[in-house]
Amino acid sequence: MALGDIQGKAVAKANRLSGAARVIRVRHGLYRVPSATQPDVVYTVTGDGRFVIDYACTCPAGRSGIPCWHAAAVRLRKTQEEAKADWRRILARRAAEALPRDPDRAA
Ligand SMILES: [Zn+2]
């Protein structure tokens, strides 16, 4: 299976499991993701980047260099956080644009 297909499967599984919501952010570049099958197991995901393969995971698949859903979940979470930050920037820009340019003409 091609790497892109494996990444796609990892992302699909992360979506199916609401993986982004399961991610525990320790700090930038360091995350914990609970196992979906073993109640007391939590995997560590490290990395930063735009692609699932930019992240390493301590699960059996991850240790073998296979993109796993834990890494995909972290990437999805980061995508969501980036979208929220973009939205905050858009709102701030709109608020700034809505301010009157000449205070004397303000109602
Ligand atoms: Zn993993």
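In which sense do E2 and E3 pair, and over how many bridges? In this predicted model, E2 and E3 pair in the antiparallel sense, and 5 bridges join them. One of the residue pairs across these strands consists of arginine 32 and its bridge partner in E3, threonine 44.

The pairing of E2 and E3 belongs to a wider arrangement. An open sheet is formed by 4 strands in the order E1-E2-E3-E4, with antiparallel pairing. E1 and E4 occupy the edges; each has a single partner strand, so one side of each is left without a neighbour in the sheet. On average, and with direction ignored, neighbouring strands of the sheet are turned by 25 degrees against each other. Helix H4 packs on this sheet and touches E2, E3 and E4. The direction of H4 makes about 140 degrees with that of E4.

At one edge of the sheet, strand E1, comprising residues 24–27, pairs with E2 in the antiparallel sense over 3 bridges. Across this pairing, isoleucine 24 stands opposite arginine 32 in E2, and arginine 25 stands opposite tyrosine 31 in E2. The hairpin of E1 and E2 has 2 residues between the strands, and glycine 29 in this hairpin takes a positive phi near 85 degrees. The two faces of E2 are distinguished by their cover: Tyr31 and Val33 form the covered face, whereas Leu30, Arg32 and Pro34 form the uncovered one.

A positive phi is also found outside the hairpin. Serine 18, a residue other than glycine, has a positive phi near 50 degrees. Most residues other than glycine have a negative phi. Serine 18 lies in the loop between H1 and helix H2, the latter spanning 19–22. Is serine 18 buried or exposed? With 10 other C-beta atoms within 10 Å, serine 18 is exposed, because a residue with 12 or fewer such atoms counts as exposed.

The packing of the helices was examined next. H1 and H4 pack at an angle of about 70 degrees, and their axes are 8 Å apart. H1 is therefore roughly perpendicular to H4. On the H1 side, the contact is made by Ala10, Val11, Lys13 and Ala14; on the H4 side, Trp69, Ala71, Ala72, Ala73 and Leu76 take part. Classified by residue type, the contact of H1 with H4 has 8 nonpolar, no polar and 1 charged residues.

The interior of the model was considered last. The largest nonpolar core has 18 residues, and those with the most contacts inside it are Val45, Ala71, Ala72, Ala73 and Val74. Two or more residues of this core come from each of helix H1 (3–16), strand E2 (30–34), strand E3 (42–47), strand E4 (55–57) and helix H4 (69–98). H4 gives the most to the core, with 6 residues. Nonpolar side chains tend to be buried together in soluble globular proteins. Alanine 73 illustrates the surroundings of one core residue. When neighbours within four places in sequence are left aside, alanine 73 is in contact with Ala14, Gly19, Ala20, Arg22, Val23 and Val33.

Key: Residues are numbered from 1 along each chain as its sequence is written. This is a predicted model: local features need pLDDT of at least 70, side-chain atom pairs count only at pLDDT 80 or more; totals for chains, interfaces and linings use all residues. A nonpolar core is a set of buried Ala, Val, Leu, Ile, Met, Phe, Trp, Tyr and Cys residues joined through C-beta atoms within 7 Å. A residue is buried if 20 or more other C-beta atoms lie within 10 Å of its own, exposed if 12 or fewer, and partly exposed in between; C-beta atoms are placed from the backbone. Two residues are in contact if their C-beta atoms, placed from the backbone, lie within 7 Å. Two strands pair if DSSP finds at least two bridges between them. Axes are lines fitted to C-alpha atoms, for helices over the stretch in contact, and angles run from 0 to 180 degrees between N-to-C directions. Angles under 35 degrees count as roughly parallel, over 145 as roughly antiparallel, 65 to 115 as roughly perpendicular and the rest as oblique. Ala, Val, Leu, Ile, Met, Phe, Trp, Tyr, Cys and Pro count as nonpolar, Asp, Glu, Lys and Arg as charged, and the others, Gly among them, as polar.
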